[in-house]
Amino acid sequence: MMTQVRSLGLRGVEGYEVTAECDLSGGLPNFEIVGLPDAAVKEARDRVRAAVKNCGFSFPVSRITVNLAPADRKKGGTMYDLPILVGILAAQGELPRPGPEAAFLGELSLSGAVRSVPGMLPMALAARAGGILDLFVPADSASEATLAGGVTVYPVEHVSQLVAHLRGEAPIAPALPWVPPPEAEAAPDFADVKGQENVKRALEIAAAGGHNVLMIGPPGSGKSMLARRLPSILPGLSEREALEATAVWSVMGLTTKEHPMVTRRPFRAPHHTISATGMAGGGKPVIRPGEISLAHHGVLFLDELPEFHKDVLEVLRQPMEEGKVQITRAGGSESFPARFMLVCAMNPCKCGWYGHGDRCRCSPRDVEKYQSKLSGPLLDRIDLTVEVDAPDFDTLADRPGGEPSAEIKKRVDGARAVQTARFGPEGPACNAQMGRTELEAYCPLDEPCQAVMKGAFERLGLTARSYDRILRVARTIADLDHSEAIQVPHLAEALQYRASGWMAK
């Protein structure tokens, strides 16, 4: 007796359909799972056997063969426990055969309880794309599955509950679509920052155009404090961006029953001891996303930038240009999204006080060695470099708090609205993502601007990449200024953020 049960699998951050073909035949009792299963899938034999017996059903004494099709794709994870159990019970007549409109996935405990699995959202999206109408998932994952839309999601807590539903004895109520609750905690606000108006201006430009930022200043000047307030002025996530970000977090098991969806732009701040694999992604036997993918549509904050290992920093270069990262290993290749804002902070030297007279204890050689940890190609991909000065006593003691984030965000949202109208729904999401076609169409320079750019190109030794990035920043400054064309003041401000006066000479 053979039955087919539809299920779903996960590859990278995308789901795909899997069919669990369960065959009961004569011969010596045996339980075999084929279709390139990994160790976790093979262990489903023991979980399924124990769950069937502990739920009061008889386990067939026969040769059991389970094929997970397509058989040429590697299968990993524990989501196949539930479809295998349903297939076996249906093959021996304990259950009616599930129809082709239904799919099952979930991990089993030995008692028959159904546990949540990572990657529910991408698998639910694959179910919708495959025409599946009824999706039976663990109860703790049901709210996340409803985010896909177009599929009736049934939350399953226990095998006995699922059996009663399939027999028509006690139907399971479908899960209601998840609705985001009101934000419980407010993000850190720029109103807490005293002074540092030049840095806040740079961060406002970065937020308005999605540009990369490097802040350089002595210890305690507020670099980390400013960076952690950047999300409070970023535009909200669109539905598409929220689903893309949630898919990555779901695969990594970072979503919960209470918060199944990423509703704020991600802010990731890995420690400088992170490895290149942790930053870009990788691992064995399953290739997983790294920090740059977890920061997709959000902010990747690297504090103490020169303390990161050189190979960790260099893996950022290609994703910063392409918005994705390709991980290739002997066991396969995966592509993960990585469209993020890079925000960095660093001291100008090892002691942190280069440029402050006698306070700096570093020799010129030490300063040069410290700053040389950052490669030219990486610095060339940073749009805005801004110096953060140590605040003086009067600023800290007397000056009131700065402009609140809500006011800054209004200007940022206005600039982003201009960009959305300019590029359309299929174009770049912000100025930082403009390609050559958009640069030529929306960033023309008149003669005065060309003269300024020519002088800067020769004086600063700019590259073709930095030339394009200056145009993108100037376009953002013009958008904040409600200007149709890039003017000399916009270009001049963009150029000042490319100046490298902080570097040791």
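**Figure 1. Packing of helix H21 in the predicted model.** The buried residues of H21 pack against three helices: H7, H19 and H20. H19 covers residues 447-460. H21 itself runs over residues 488-496. Its buried residues are His490, Leu491, Glu493, Ala494 and Leu495. Two of the partners named here, H7 and H20, return in the next view.

**Figure 2. The crossing of helices H7 and H20.** Two packed helices are described by the angle between their axes and the distance between the axes. Here H7 spans residues 197-209 and H20 spans residues 464-480. Their axes come within 9 Å. The crossing angle is roughly 100 degrees, which means that H7 is roughly perpendicular to H20. On the H7 side, the contact residues are Arg201, Glu204, Ile205, Ala208 and Gly209. They meet Val473, Thr476, Ile477 and Leu480 of H20. By class, the residues of this contact divide into 5 nonpolar, 2 polar and 2 charged.

**Figure 3. Helix H7 along its length.** H7 has 13 residues. From first C-alpha to last, H7 reaches 19 Å. That is close to the 18 Å expected at 1.5 Å a residue. The helix is mostly covered, with 10 of its 13 residues buried. The buried residues of H7 are Val199, Lys200, Ala202, Leu203, Glu204, Ile205, Ala206, Ala207, Ala208 and Gly209. Among them, Glu204, Ile205, Ala208 and Gly209 also belong to the contact with H20. Gly210 sits just after H7 and takes a positive phi of about 75 degrees.

**Figure 4. Gln371 and its polar partner.** Gln371 lies in helix H14, residues 364-371. Its relative accessible area is 3%, so Gln371 is buried. The side chain of Gln371 reaches a backbone oxygen, that of Pro348. The distance is 2.9 Å.

**Figure 5. The loop between S4 and H3, with Leu36 alongside.** Strand S4 covers 63-69 and helix H3 covers 81-91. Two residues of the loop between them are shown: Pro70 and Asp72. The peptide bond from Ala69 to Pro70 is cis, with omega near 5 degrees. Most residues other than glycine have a negative phi, and most peptide bonds are trans. Asp72 is exposed, at a relative accessible area of 64%. Leu36 is 36 residues from Asp72 along the chain, yet their C-alpha atoms are separated by 6.8 Å. Leu36 has its place in another loop, between strand S3 (30-34) and helix H1 (39-42). Phi of Leu36 is near 55 degrees, a positive value in a residue other than glycine. The relative accessible area of Leu36 is 42%, so this residue counts as partly exposed.

**Figure 6. His297, a residue with positive phi.** His297 lies in the loop between helix H11 (291-294) and strand S14 (299-302). Its phi is about 65 degrees, although His297 is not a glycine. Relative accessibility is 10% for His297, so it counts as buried.

**Figure 7. Met123 and its surroundings.** Met123 is found in helix H4, residues 120-129. With 0% relative accessibility, Met123 counts as buried. Leaving aside residues up to four places away in sequence, Met123 touches Leu8, Gly9, Leu10, Gly15, Met79, Leu105, Val117 and Pro118. Ala247 is 124 residues from Met123 in sequence. In space, their C-alpha atoms are 9.2 Å apart.

**Figure 8. The whole chain, as context for the close-ups.** The secondary structure comes to 21 helices and 18 strands. Along its principal axes, the C-alpha trace spans about 85 × 45 × 45 Å. The chain has 505 residues, of which 51% are buried. Contacts between residues at least 6 apart in sequence were also sorted by separation. Of these, 72% join residues at least 24 apart.

Note on methods
Residues numbered from 1 in each chain as written. Predicted model: local features only at pLDDT ≥ 70, side-chain atom pairs only at ≥ 80, totals over all residues. Heavy atoms only, no water. Axes fitted to C-alpha atoms, helices over the stretch in contact; angles between N-to-C directions. Helix = DSSP H or I, 4+ residues; strand = E, 2+ residues; numbered from the N terminus. Parallel < 35°, antiparallel > 145°, perpendicular 65-115°, else oblique. Contact = heavy atoms within 4.5 Å. Nonpolar A, V, L, I, M, F, W, Y, C, P; charged D, E, K, R; others polar. Expected span 1.5 Å × (residues − 1). Buried < 20%, exposed > 50% of the residue type's maximum accessible area, 1.4 Å probe, protein only. Polar contact = N/O pair within 3.5 Å; in protein donor to acceptor, adjacent residues only side chain to side chain.
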